[in-house]
Amino acid sequence: YVDKYVEQSQALGLADIFEVPHSAIHIGRMLGEGAFGRVHEATAINMRRMRGTTIVAVKQLKANPSADEVAEFLSEIEMLKGVGTHHNVVCFLGCCTIRAPYLMIMEYVGRGNLLSYLRMVRQELGQPKSRNANHPTGRLLPANSRSASLPRPQSVNYIELKASNQSNELESSASTNNSSSQHATSNGVGARLQKPSFAETTYTIVDDEESFEYILDNKELHNFALQIANGMRFLEEQEITHRDLAARNVLIDNNKTLKISDFGLSRHGIYTNTKTRKLPLRWLSIEAIRDNVYSSKSDIWAYGVVLWEIGTLGASPYPTISNSELIPFLLAGNRLERPEICTPQVYTIMLQCWLEEPEERPTFDALYKVLSPKTTYVD
Ligand code: ACK
């Protein structure tokens, strides 16, 4: 798609090969709003090496962004340019960064986020007799009403954390009913890993309109855990710290492939936060909340919370603990409880992800190998 302005900018070295003219992008319906921007479905015409029209997802900032928000959005785009492609990471396709509105163009992932998927299945679990192919809930997710029909991830997940050198005084949330007896402690983690699995639970909803099966069973949950570990292993290899790994930021496509998305907070290497900003408190590790230090090991902590979200079919972590109680709660050795449908082996992995000492936590590579079906296990 020829655009003189973009061509000239590229010739002058003011734009790189990822730059796409606005005229090549036709914005369609809104897919959803994250904490930091809006995502639309869009049609791209002859974009970069893609002949003809391609359905893509386009992220842009909300109206009237601050200078900081613009700078962060542009730095997210810069980060994505270097990430490379992996089937468990949302593919970055191009961008419009010469002129506003700035756009980030990504592969379109057809089934929305994992949290909504899990919650939809949980909702169905509560309603007996819905295991048949003609059940109307099979149409809960028609392609054109995806965002309308699913529970939206809450921006309440992000709370303002002060920058380094300032103590994080977290304001209390509505829930203050601290009952630590409902939570496990991190003791006794040293057990050797056995073949991990989620307990037998099978649930199937067949979407007869779109031939997409919403199955949640032992194998599927395990496979989700493996795919997320695989995508994160790819980022870990490149020393990229995601900093916002959560089920709401994992997307699912029509082939049940999971893709890590939302790199808005991502950074290279170990990162110390120096600005006061909104962060996903309940997915953060102890050192991230207390010292503002982020690394692959804090991503590992978040991965443990994602396993817990998968095991609980999309519950919200620490429902009885207020924001200000979370750090003392974790420092006292308390952790999220074992979800009912997850075996002690999977729970052992979660507890290892939540070890207080970052260096003692596993790597994504190690987790991928443990979860991988090819691995042989010792009792
Ligand atoms: O569940 P969703 O429809 O999936 O709601 C969120 C929303 O945008 C805000 O993040 C959707 N979304 C984000 N990135 C993509 C993408 N690459 N393809 C399709 N949908 C996306 C996400």
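The following exchange asks how several descriptions of this structure are reached.

User: What kind of model is this, and how are its residues numbered?

Analyst: This is a predicted model, in which local features need pLDDT of at least 70 and side-chain atom pairs count only at pLDDT 80 or more, while totals for chains, interfaces and linings use all residues. Residues are numbered from 1 along each chain as its sequence is written.

User: What makes a stretch a helix or a strand, and how many of each are in the protein?

Analyst: Helices (H or I, at least four residues) and strands (E, at least two) are DSSP runs, numbered from the N terminus; by that rule the protein has 10 helices and 17 strands.

User: Why are S4 and S5 called paired?

Analyst: Two strands pair if DSSP finds at least two bridges between them, and S4 and S5 have 4 bridges in the antiparallel sense, so they count as paired. One of the bridges joins phenylalanine 92 to methionine 106 in S5.

User: Why is S1 called an edge strand of the open sheet?

Analyst: The sheet holds 5 strands in the order S1-S2-S3-S5-S4, with antiparallel pairing, and both S1 and strand S4 (92-96) are edge strands, since each pairs on one side only.

User: Which residues come nearest to the ligand, and what makes a residue near?

Analyst: A residue is near a molecule if its C-beta atom, placed from the backbone, lies within 6 Å of it; of the 18 residues around the ligand, Gly32, Val39, Ala57, Gly112 and Asn113 come nearest. Strand S1 gives the largest share of this shell, 3 residues.
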